[in-house]
Amino acid sequence: QYRIVERMRSLGMTTVLPAFAGHVPQGILRVFPRVNATRLGGWSHFDCTYSCIYLLDPEDPMFQVIGTLFLKELIKEFGTDHVYSADTFNEMTPLSSDPAYLSRVSNAVFRSMTGADPEALWLMQGWLFQHQPDFWQPAQVRALLHGVPLGRMIILDLFAESKPVYQWTESFYGQPFIWCMLHNFGGNHGLFGTVEAINHGPFAARRFPNSTMVGTGLVPEGIEQNDMVYELMNELGWRQEPLDLPSWVTRYAERRYGAPSAAAASAWRLLLRSVYNCTGVCINHNHSPLVRRPSLHMDTELWYNASDVYEAWRLLLSAGTQLGSSPTFRYDLVDVTRQAAQQLVSDYYLNIRSAFQSHALPELLTAGGVLVYDLLPELDSLLSSHSLFLLGRWLESARAVATSDQEAEQYELNARNQVTLWGPSGNILDYANKQLGGLVLDYYGVRWSLFVSMLVESLNSGRPFHQDQFNQVVFQVERGFIYNKKRYPAVPTGDTLEISRKLFLKYYP
C-alpha cells in the first residue's frame, strides 16, 4: 500500500483513502454492549456466514469516535490528498426510507471525515441509485446527497454509458459528478462495447441543464480485455465533441500494430460496427454457452451480426504475414479467434439441443463429439499459445503475493474459486468467467462432456433429462477443479498464427 500511494503521487495522481462508512464487526457489541448497531441482510446469494454486516446508528456517539479515530490513524500512516471514499448502502437496503434518516447517515459519515480532516471531500459511488431504483426515489436520493454541503461530495455516475443517474436526479441535485464507463462486470473475456453511448454520453452530460459534471472516469470490475474501448474512453476526456469513430478506429489499428494495414483496418471497422456497438441497456456479462453451466435453456442471443466477427477473423489472419511480429497483433488475433470460437460453441450447442429434442441420437453424438473432442481442445491450445490467456499465469500471480506455502495454497484456491463458483456453493456461479488455456479444457470442457453424455444416456435409456440431477453431478466437477491442485504452465506453447489458421481452415463458416 505504501508503494502504491507513493507511485500514484509521483505521477501527480490524487489518492483516495477509505473513510468510515458506519459498518462495524460483530465483536464491537462485546466491547461496547450498549452501542446501537443493527444487523443488515445478506448480500447477493450469500447467507450470514459471509455477509450481514452490522451498521452503527448515525446518532450513536461512537459513530464520530470510531470514524474520526480511524481516519486520523490512516492519515498518520499515508498522508492525505483530502479525498475519501465511503459507501454505506452499496447493494444494501437502508433500514428506513425516511429522508430525515438518510440525511442523518450521510451527515454523520461526512462529519466523521471532517473531524479528522477539515478539508475532506467525499467520493461516493452512484451505483446504489440505479441498482435499487425502487428504494432510491428522488426524495431519498436528494436526502442522502444533501446531508453533505454542496461541493463537498463527488458522485461517480458509475454505469453512465448504459444507465446514467444524472438525468433523473437533476445532475445529482447540485453535487458534482464524474461520468463513468463501467463496461466490464467480472473481468470476462468477450468482445464487447457500447461505442456510440461512450462517444456521445460525456458531451450530452456536459450540455445537460445545470450540469455539475466535473470529469470522466473508468470503473471496470475487471481490466485486461477490450483495450480499444478503454483507449476510446480515455481519449474522450480530451475532446470537445464526439469522434468520427470509423476513421478513429482506422488510426487506432495503425497505432496499435505500428504499421498501416488495409486488412487490419477493415477488420477493426467491422468489429466497431458489430461487437463494439451494443445499443440500449447493455450489461456486459458473458452469457455465451461456452462459459455457462450447460442446460437446455441457454441464451445464444447476440446483439450483433456474427458474420462480422468471422469476416474480421479472416481479415486479421490475412494480415498475419505483414503484422505477425507485433505482440499487440498476436494478442488481438487470439482474442478475435476466441470470439469466433465462442460463437461456434453456440452453434454446436443449438445442434446438440435440437438433436436431443428430436431424439436424433446420431446427430447428437456428432455435434457433441465435435464440440467436446475437437473445438474446445483447439480453443484451449489457441489460448495456451499466448501468455495473457494462460490459467497458469493467473494462478501464479495469486501465489506470488503469498508469504508462506499455506498462504500460497489459500490464494490459489481463491483465484480458482473466483473464476468458477465464486463462493463455496456456486453462489455467483461463473460471474467472473474467463477464457484461459487450461480452464477451457479442464473446467468448461469437462462440464460440456458431462452434459453431452447425460443427454446421450437419457436418449439411450428413454428416461427424461433432469437439470437438477445434472446440476448436482456437475457441481462435483466444478468443486473438484478448485481443489485438484493441478499445476498449469505459466509459459505459452505453440504458434498463435498457425493455431488460428488451423482453426480457421476447419471451422470458418
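**A guided tour of the predicted model**

Begin by selecting residues 1-240, the span to which an unreviewed UniProt entry assigns the annotation "domain: Alpha-N-acetylglucosaminidase tim-barrel". The model on display is a predicted one. Within residues 1-240, helix accounts for 38% and strand for 15%, and the end C-alpha atoms of the span are 36 Å apart.

Next, display the largest nonpolar core, a set of 148 residues. Centre the view on Met-113 and Phe-129, the residues with the most contacts inside this core. To see which element contributes most, colour helix α14 (residues 327-357), which supplies 14 residues to the core. Colouring by domain is also informative: domain 1 (1-242) and domain 2 (273-507) each provide at least three residues to this core. As a general point, nonpolar side chains in soluble globular proteins tend to be buried together.

Now restrict the selection to Met-113 and its surroundings. Setting aside residues up to four places away in sequence, Met-113 touches Ala-19, Leu-71, Tyr-84, Ala-86, Ala-120 and Trp-122. Then select Ile-154, Leu-158, Phe-159 and Leu-182, which are among the 14 residues of another core, lying apart from the largest one.

Finally, move to helix α18 (residues 439-461) and select Leu-450, which is found in it. Leu-450 counts as buried because its relative accessibility is 18%, under the 20% cut-off. Show its contacts beyond the neighbours within four places in sequence: Leu-450 meets Phe-470, Val-473, Val-474 and Val-477. To close, draw a C-alpha to C-alpha distance from Leu-450 to Gly-151; the two residues are 57 Å apart in space and 299 residues apart in sequence.

Conventions: Residues are numbered from 1 along each chain as its sequence is written. This is a predicted model: local features need pLDDT of at least 70, side-chain atom pairs count only at pLDDT 80 or more; totals for chains, interfaces and linings use all residues. Side-chain values use heavy atoms; hydrogens and water are left out. Helices (H or I, at least four residues) and strands (E, at least two) are DSSP runs, numbered from the N terminus. Buried means under 20% relative accessible area, exposed over 50%, partly exposed in between (1.4 Å probe, protein chains only). Contact means heavy atoms within 4.5 Å. UniProt positions are given in the numbering used here, feature names are shortened, and annotations may be inferred rather than shown by experiment. A nonpolar core is a set of buried Ala, Val, Leu, Ile, Met, Phe, Trp, Tyr and Cys residues joined through side-chain atoms within 4.5 Å. Domain bounds come from an automatic or database domain assignment.
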